[in-house]
Amino acid sequence: MIKVGIPRGLLFYDYGSLWSDFFTKLGVPTITSSETTKKTLTDGTNLAIDESCLPLKIFLGHVHALLNECTHIFVPRIAQHHKDYYYCAKFAGLPDIVRNSFNIDERRLISPNIESKNLYHTFKACREAANCLDASPIKSYLSYLHALHEYKNTQNLSCKNKDTFVAVVGHSYLLHEPFFIQEIKNVLSAQGMKIATPDQVPPKTLYELSAELHPEVYWQLSAKIVGAAQYFCALPNIKGILVISSFGCGPDSLINEYIDNLILKPSGKPYTFVNLDEHTGNAGIVTRVEAFLDLIEWRQ
Amino acid sequence: MKVVYPHMGYLNIPINHMLNSLDISYVPTPRITKRTVEIGSLHSPESVCLPYKLTLGNLLEGIDAGANCLVTICGAGKCRLGFYNTVQKISVSKVMSEPFSFYAINTSTGLFNSLYNFLRKASPRSSRITIAYSIAKAIKMLKAIDTMNDAKNYYGPRSSNPELLIDIYKTNVTKLDKCQSFKEIEHIKDQTLELMRSCADETMKPLKVGLLGEFYVVVEPYVNFEIEDTLVKLGVEVKRLVSTADWAYAQTLLRALKLYNEETEHLDGARPYMNYHVGGEGLKTASEALRCAKNGYDGIIHAYPFGCMPEVVSEYALKRITADFDLPMLALSLDEHSSGVGLTTRIEAFIDCLRRRKTQRIRKNAALL
């Protein structure tokens, strides 16, 4: 009995619904790993190379949890789908990382290679996915188109609102990871602050903003962060900007410096950076967020 | 306009030669010292990789020495290298009060074109042919340096006095600076090889170790604490599998002629441990490691800057390769806090292990016979 496991990590938070929809339409049952716990993180940390970034460690933890529960694991290689933007090295090597860390049978890994949005590459990726499951490539491609259509329709977004917000900016796999972000959200909402995240803005707006004002940024996920920082800085009802990043994130190490100097500082809004790592104790983060809230209050 | 560019191994000899021959005034980049590391790290984001900090330190020291045109490289990709220049420009503008120009040579659209355009701008009076000739000469020089280095690594451990060969290499490399033609470069290279060959006993079979990893860290002797010379002095043949000349050659000439196929070659070489390109030298590292494993190397040393994204991905593959082929590996993750003594101790211990393995294996084979 075929069952495809989808690890709850990295790009799952962006495209997870698309992926599981694709498999459902293809007639293949899926299982998503359960939410991150302390154990996921510990397992992932033990499996990973120390210097890997935190989200990758969590991802490996999720793969580990799924291995015994499914026949196949879905780990796509997403290197590029816009011609001007790249994903960072870990996305480009994700199937290889998983293969080398677990030494699993090649046939259990569904890892379509996504390098471009054009028809040829899309079809090829769908065929690769279908091959592992003994499905027809045409059916796979049609399922993908169908799933993509529905995925695009579900993205209704709104942020234009008279309320005041604190913008929380960062990679979606950090902002949607309750294990890390819940505490920060709790502190903010306890103080009556509403939260705005980049997901409430249409991605197109963010990418356009980034491409127009910051053409030198060439990572897809970073361009979104840069666009979001730029977007939120221009909104008068955003009271402050909290940038979340994680230990070992390569692009963030430079992009944070970049947005600090070119976007956040000139905007005059209160902002702070919070860096997460696997030793994260809540007290430290809570203190930093509270200090940040005090800062916003003083400014007013 | 006074040009300054960051250090990388012996790159300064051909580049200075090129700038001299085109009458471009430049500040000889001060050698990397502790101070370079300090001011580089001071103005860098904390968690960025080591080459960023050192190249920034180079540029800042160059500015102190009077430079006002900073030249580095850029190029979009998966690695951070392409974004260095953008953030370094921000850091430099914070320090620099006078106007300066910042020029990034783009490697992703073709190194030759980008370099050529820069030289045209910097030296408007030179003819096109002079510029193309000087670039070709610089690459030739780089190739000669690499060949001499390989020869030192090969003959050094086979001679009774490895230090002598290291000295020969160092003095002859600086002689290249005065060469005016291809012929002279060739002559110095041949002479050096001849001299080294005469010092060595080629029947000896020393330990053989592959040195691979990230470009900058492997090539720059300050960062890796002269790892190649250390190994040669220990009587170990070290094969450096990363070469500046091959890279420059592939990026300029071969790419211009559309013969550039390093990537596909390594794609085949790294299978099944790595199936895709991951930016930087990641794929190359895995494929070279696999080649070492299959070709009877006694061990490999993987050197990379702490947190290097592509090398960390390939480290996953290396772990598997070394386990599957029973190949000892020393992984050196270097940052600005690394100390020479610590590193040397680790290398010595690693070499001791390799020696013991080898003698044990010989003994076992003898017992079987």
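Hi everyone, let me start at one glycine: setting aside its neighbours within four places in sequence, B:Gly280 is in contact with A:Ala89, B:Cys79, B:Leu81, B:Glu214, B:Pro310 and B:Glu311. By contact I mean that the C-beta atoms of two residues, placed from the backbone, lie within 7 Å.

Before going on, a word on the source. This is a predicted model, in which local features need pLDDT of at least 70 and side-chain atom pairs count only at pLDDT 80 or more, while totals for chains, interfaces and linings use all residues. Residues are numbered from 1 along each chain as its sequence is written, with chains lettered from A and ligands numbered from 1 in the order in which they are written.

Back to the glycine. B:Gly280 sits in the loop between α12 (262-270) and α13 (282-294) of chain B. Helices here are DSSP runs of H or I with at least four residues, strands are runs of E with at least two, and both are numbered from the N terminus. Is B:Gly280 buried or exposed? B:Gly280 counts as buried because it has 24 C-beta neighbours inside 10 Å. The cut-offs are 20 or more other C-beta atoms within 10 Å for buried, 12 or fewer for exposed, and partly exposed in between, with C-beta atoms placed from the backbone. One partner, B:Glu311, is 31 residues away along the chain, and the two C-alpha atoms are separated by 7.9 Å.

That contact with A:Ala89 takes us to the interface. Here 28 residues of chain A are in contact with 34 residues of chain B. On the chain A side, α4 (89-92), α5 (94-102) and α12 (250-267) each supply at least two residues, and α12(A) gives the most, with eight. For the complex, the predictor gives an ipTM of 0.90 and a pTM of 0.92.

How confident is the predictor in chain B? The mean pLDDT, the predictor's confidence in each residue from 0 to 100, is 89 for chain B, and 97% of its residues reach 70 or more. Among the elements of chain B, helix α11 (residues 244-256) has the lowest mean, 72, and strand β6 (residues 299-305) the highest, 94. Where pLDDT is low, the predicted coordinates should not be read in detail.

Now chain A, which has 13 helices and 10 strands. Its radius of gyration is 20 Å, close to the 19 Å that the globule rule gives for 300 residues, so chain A is as compact as a globular protein of that length. The radius is taken over C-alpha atoms, and the rule is 2.2 Å times the number of residues to the power 0.38. Buried residues make up 49% of the 300.

Chain A has an open sheet of four strands in the order β2-β1-β3-β5, with parallel pairing; strands pair if DSSP finds at least two bridges between them. β2 (30-32) and β5 (109-110) stand at the edges with a single partner strand each, so one side of each is left without a neighbour in the sheet. Strand β1 (residues 4-6) pairs with β2(A) over three bridges, and A:Val4 has A:Thr30 as its bridge partner.

Last, helix α6 (residues 119-133) of chain A. In α6(A), A:Ala125, A:Cys126, A:Ala129, A:Ala130 and A:Cys132 are buried. They cover an arc of only 165° around the axis, which puts them on the same side of α6(A); the arc is that of the directions from the helix axis to the C-beta atoms. On the other side, A:Leu119 and A:Tyr120 are exposed. The buried residues pack against β3 (72-74), β5, β6 (113-114) and α7 (137-154) of chain A.
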